[in-house]
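Please look over the sequence and the model below before reading on. The paragraphs that follow go through the fold, its cores, its cross-links and a few individual residues.

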Amino acid sequence: ILATEVTVRWNRPQNSSGNITHYTVEFAVLSTNFPVVPIRSRRQTEILEECVLGSLSDRLEVPGTQTSATLTQLTPASLYEFRVQAESTVGIGLFSPLQTFETAEDVPSSPLNLAVEYLSSTALEVTWDHPLCDYGNRTNYTVIHIPQPGDLEPLGEVGSPGSPFTLPAEQTNFTITELTPNTVYLIEVYASTSKGSGDAAGQTNATDEDAPQIVTGLTMTSFENFNLRNAVFINMMWTAPSLRNGPFDYNLTYTAEQIEPYPEPRRSMTEGTVIVNGELVEFVITDGLPFANYTITLFGFNLKLGVPGPSETITMRSKPLRPTAVTDLRAAATSPESI
């Protein structure tokens, strides 16, 4: 006995007049594993037609030399009744008493009405209905999530499938957490019986954007600006966040305090805040203070949500200016040969 195929056997009639020409095997579904009204008559059609393989009832003829028949296109996990009738050169005999058999389980069909809804930048809510055709006693559900390449720019992390979640056979919802923001996921749910897992129901959905991860590698260098008096260039460079989690810009804040006064124009302190395009990894202050202690803080913030990411702060000293030209330069003769 298999899920969709059964071999039935019988003995030849004890009293048969003439040569048996063939046998007729009639079989019909009595009940199934589906959540429907059991069938007790071939005239009833309450079984879901989508789940029935073959017909609700059928007949098969085999040569009179055979005493067995293989019935195919049967529905898994279903109770059948069957009977056999012999026909000879003299006429048609009586049917045997009804006998029953139950086909083996098979994998179920896919879950119905799968829906995925994003809850946050790191969580998705998954719901579904039970399969139309269980083909056996359902043992559990399995939910998996697979990051997908998508149209999101910039794209979140794309990797291997997450660990499968195994759920009770009657559960029809699950919340997937600890996902990557701004990432498209393929969500698949499939049911299982003792024979294994059936086809998956699948749907793609994206998590929401979030703040970018921390900026790293923030550094500062300085060099004299010959076009501005008493000023140096302050050049800042950094490494972009490893996960952008959506379009973003940078917020750069700096304060500087000069270690010792310089000649006019005198600027002992300075501070400022600058918004830097998220595609850049460098910014230059053209009128920086020389020989000053700079404190620089940099973080990214999501353009859609406005939420800031973690910041990176450094403190460094700018270079002093080179000495200016000497003043009141004079020449005086000290001898006929020297001045």
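A residue is called buried when its relative accessible area is under 20%, exposed when it is over 50%, and partly exposed in between. Lys 304, with a relative accessible area of 54%, is therefore exposed. The model in which these values were computed is a predicted one.

The overall make-up comes before the details. The protein has 339 residues, and buried residues make up 40% of them. Its secondary structure consists of 22 strands and zero helices. Of the contacts with a separation of 6 or more, 69% are between residues 24 or more positions apart. The accessible surface comes to about 18,800 Å², and carbon and sulfur atoms account for 50% of that area.

The nonpolar interior can be taken next. The largest nonpolar core contains 21 residues, and Met 236, Trp 238, Leu 252, Tyr 294 and Ile 296 have the most contacts inside it. Strand 16, strand 17, strand 18 (248-258), strand 19 (269-277) and strand 21 (292-302) each give two or more residues to this core. Strand 18 supplies the largest share, five residues. Tyr 294 shows what one core residue touches: leaving aside neighbours within four places in sequence, its contacts include Met 220, Ile 234, Tyr 254, Leu 289, Ile 314 and Met 316. Also in contact with Tyr 294 are Thr 255, Ala 256, Thr 270, Gly 288, Thr 315 and Ser 318. A second, separate core has 17 residues, among them Tyr 23, Phe 27, Val 62 and Leu 74.

Covalent cross-linking is limited to one disulfide. The sulfur atoms of Cys 51 and Cys 133 are 1.9 Å apart, and the two residues form that disulfide. The angle about the S-S bond is -85°, and the link is left-handed. Cys 51 lies in the loop between strand 2 (20-31) and strand 3 (57-63), and Cys 133 in the loop between strand 9 (123-129) and strand 10 (140-148), so the pair ties together parts that are 82 residues apart in sequence. Both ends are in loops, yet Cys 51 counts as buried at 0% relative accessibility, and Cys 133 is buried as well, at 5%.

Charged pairs provide further links. How many salt bridges does a search of the whole structure find? The count is seven. In one of them, Arg 138 pairs with Glu 170, and the closest N and O atoms are 3.3 Å apart. Arg 138 is in the loop between strand 9 and strand 10, while Glu 170 is in the loop between strand 11 (165-168) and strand 12 (173-176); the two are 32 residues apart, and the pair links distant parts of the chain. Arg 138 is buried, with a relative accessible area of 16%, whereas Glu 170 is exposed at 59%.

Lys 304, the exposed residue introduced at the start, forms a salt bridge with Asp 208, with 3.1 Å between the closest N and O atoms. This pair also links distant parts of the chain, 96 residues apart: Lys 304 sits in the loop between strand 21 and strand 22 (312-317), and Asp 208 in the loop between strand 15 (201-206) and strand 16. Asp 208 has a relative accessible area of 17%, so it counts as buried. Arg 330 and Asp 328 form another salt bridge, with closest N and O atoms 3.1 Å apart, and both of these residues are exposed. Glu 26, Arg 59 and Arg 83 are joined into one network by salt bridges that share partners.

The loop between strand 16 (216-224) and strand 17 (232-239) holds Asn 225, and Asn 227 lies in that loop too. Which of these is buried, and which is exposed? Asn 225 is buried, at 4% relative accessible area, while Asn 227 counts as exposed at 71%. A polar atom of the Asn 225 side chain lies 2.9 Å from the backbone oxygen of Thr 286. Beyond neighbours within four places in sequence, Asn 225 is in contact with Ala 231, Val 232, Phe 233 and Thr 286. Asn 227 is 59 residues from Thr 286 along the chain, and their C-alpha atoms are separated by 9.5 Å.

One last residue belongs to a strand. Ser 88 lies in strand 5 (residues 79-88) and counts as buried at 14% relative accessibility. Not counting residues up to four places away in sequence, Ser 88 touches Ser 17, Gly 18, Asn 19, Ile 20 and Thr 21.

How values were computed: Residues numbered from 1 in each chain as written. Predicted model: local features only at pLDDT ≥ 70, side-chain atom pairs only at ≥ 80, totals over all residues. Heavy atoms only, no water. Disulfide = S-S within 2.5 Å. Helix = DSSP H or I, 4+ residues; strand = E, 2+ residues; numbered from the N terminus. Buried < 20%, exposed > 50% of the residue type's maximum accessible area, 1.4 Å probe, protein only. Polar contact = N/O pair within 3.5 Å; in protein donor to acceptor, adjacent residues only side chain to side chain. Contact = heavy atoms within 4.5 Å. Core = buried A, V, L, I, M, F, W, Y, C linked by side-chain atoms within 4.5 Å. Areas by Shrake-Rupley, 256 points an atom, 1.4 Å probe, with all protein chains shown as cover. Salt bridge = Lys/Arg side-chain N within 4 Å of Asp/Glu carboxyl O.
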